[in-house]
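Reader: I'm new to this one, and I'd like to go through it slowly. Could you show it to me before we start?
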Amino acid sequence: MLQFLMDALLRAVDLSLIALALSCVYSLIRFPNVALVQYATSGALIAVGLQAAGLPLAFAIIVACALVGLLALAMSVLIFEKLLTISPAIAMIGSLALSMIFTAAFLVTVGPRPQRFDLPIAPPMRWGGVSLTQVQMLSVGLTALAIAAFALVLFRTGLGRCMRATATNRVLAEATGIPTRRVTNAVIVISGVMAALGGIAIALKGETSSQLGMDMLLPIFAAAILGGLGNALGAVLGAIIIALAETFVTNTNFGLLAGQDFSFLPASFASVASFGLLVLILLVRPAGILVSEVKRV
């Protein structure tokens, strides 16, 4: 049971930061930016490349996150602001096209082969039947620290108050003197950093590749929608629920039901479980589990 919960936690770490970034941006810009999953891929590949070039791991992670934050801002100013003047639907289609361009660029520059950090090999540690490696602990720690820092900014700083005011009513926020454009740009940079850190956390536990973004797209959107699209911290809750569903399906022995000693479903069934759960919950809570910040008054 404890190992099951640990496996679910590690899967939630894969989803939570990127889902949080997606939901955070949606609360202000009002369209789901599909390209965010490619920001995660960019962060992981840049950090791996910087470490291979000789930079220490910690410095490589910091530089990669900063570069992806600036990349997210550049894409917003150069592309999405213009597309949003037409309609949010056009902006979403544009983000999908940009995501495909990113994938093609990764295939040309990096290639299809998986990329890994150069990390020391150490045996897993065991506590009470739970097996956990040092890099898994590092990944969980980075994710927890990033979520805690985001929550602190959101609820305990002036920027956070401006973010919540802009998400609730942009026109009223502008009327009260809040620089909504600067707030939006700040959130876009933060979302890029969080997405990059999410991709790096995935790469720390195993490997990354040019297909990482496309592989993560559906579960990330499922987590963000389940938590209440537009509610950033709700996306973390959605990620945990999706992770529990996927881990249950892939780690449970269904042998008794099939009349066999051992019978496990293939990993491809994980997405079936997560989306089935998403549909069931949305039938009861159409806006997601938590109230969306976009609709909160």
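Author: Let me begin with a term: a pocket is an open set of grid points with protein on both sides within 12 Å along at least five of seven lines. Please also keep in mind that this is a predicted model.

Reader: Okay, then what is the volume of the second largest pocket?
Author: The second largest pocket has a volume of about 280 Å³. Of the 13 residues in its lining, those closest to the centre are Ala146, Ala149, Val193, Met194 and Leu197.

Reader: Which elements give two or more residues to that lining?
Author: Helix 3, helix 5 and helix 8 each do so, and helix 5 has the largest share of the lining of the second largest pocket, with six residues.

Reader: And how does the lining of the second largest pocket divide by class?
Author: The lining of this pocket has 13 nonpolar residues, with no polar and no charged ones.

Reader: How much space is in the largest pocket, then?
Author: The largest pocket holds about 320 Å³ of space. Its lining is made up of 15 residues, and the ones that lie nearest its centre are Leu119, Pro120, Ile121, Val135 and Leu204. Helix 5, which covers residues 134-156, and helix 8 each supply at least two residues of that lining. By class, the lining of the largest pocket divides into nine nonpolar, three polar and three charged residues.

Reader: Switching to closed spaces, how many cavities of 30 Å³ or more does a search find?
Author: A search of the whole structure finds one cavity of 30 Å³ or more, and the volume of the largest cavity is about 80 Å³.

Reader: What lines the largest cavity?
Author: Among the residues lining the largest cavity are Val25, Ile29, Phe31, Asn33, Tyr39, Phe80 and Ile188. The elements that give two or more residues to this lining are helix 1 (2-29), helix 2 (36-52), helix 3 (57-84) and helix 8 (180-205). Helix 3 gives the most to the lining of the largest cavity, with three residues. That lining divides into eight nonpolar, three polar and no charged residues.

Reader: Speaking of charged residues, where is Glu246, and is it buried or exposed?
Author: Glu246 is placed in helix 10, which spans residues 232-251. Glu246 counts as buried because its relative accessible area is 6%, and the cut-off for buried is under 20%.

Reader: What does the side chain of Glu246 make a polar contact with?
Author: The side chain of Glu246 makes a polar contact, at 2.6 Å, with the side chain of Arg11. Leaving aside residues up to four places away in sequence, Glu246 touches Arg11, Pro219, Ala270 and Ser274.

Reader: Different topic: how many disulfides does the structure hold?
Author: The structure holds zero disulfides. Cys24 is in no disulfide, and the nearest cysteine sulfur to its own is that of Cys162, 14 Å away.

Reader: Why is there no bond for the sulfur of Cys162?
Author: The closest cysteine sulfur to that of Cys162 is in Cys24, and because they are 14 Å apart, this is too far for a bond; a disulfide needs sulfur atoms within 2.5 Å. As for its surroundings, Cys24 counts as buried, at 4% relative accessibility.

Reader: One last thing, where does Arg30 lie, and what is its phi?
Author: Arg30 lies in the loop between helix 1 and helix 2. The phi of Arg30 is near 70°, a positive value in a residue other than glycine. With a relative accessibility of 33%, Arg30 counts as partly exposed.

Terms used: Residues are numbered from 1 along each chain as its sequence is written. Side-chain values use heavy atoms; hydrogens and water are left out. On a 1 Å grid over the protein atoms alone, a cavity is a set of points where a 1.4 Å probe fits but cannot get out, and a pocket is an open set with protein on both sides within 12 Å along at least five of seven lines; lining residues have an atom within 4 Å of a point. Grid points are joined across faces, edges and corners, and a volume is the space filled by probe spheres set on the points. Helices (H or I, at least four residues) and strands (E, at least two) are DSSP runs, numbered from the N terminus. Ala, Val, Leu, Ile, Met, Phe, Trp, Tyr, Cys and Pro count as nonpolar, Asp, Glu, Lys and Arg as charged, and the others, Gly among them, as polar. Buried means under 20% relative accessible area, exposed over 50%, partly exposed in between (1.4 Å probe, protein chains only). A polar contact is a pair of N or O atoms within 3.5 Å; within protein, one must be able to donate a hydrogen and the other to accept it, and residues adjacent in sequence count only if both atoms are side-chain atoms. Contact means heavy atoms within 4.5 Å.
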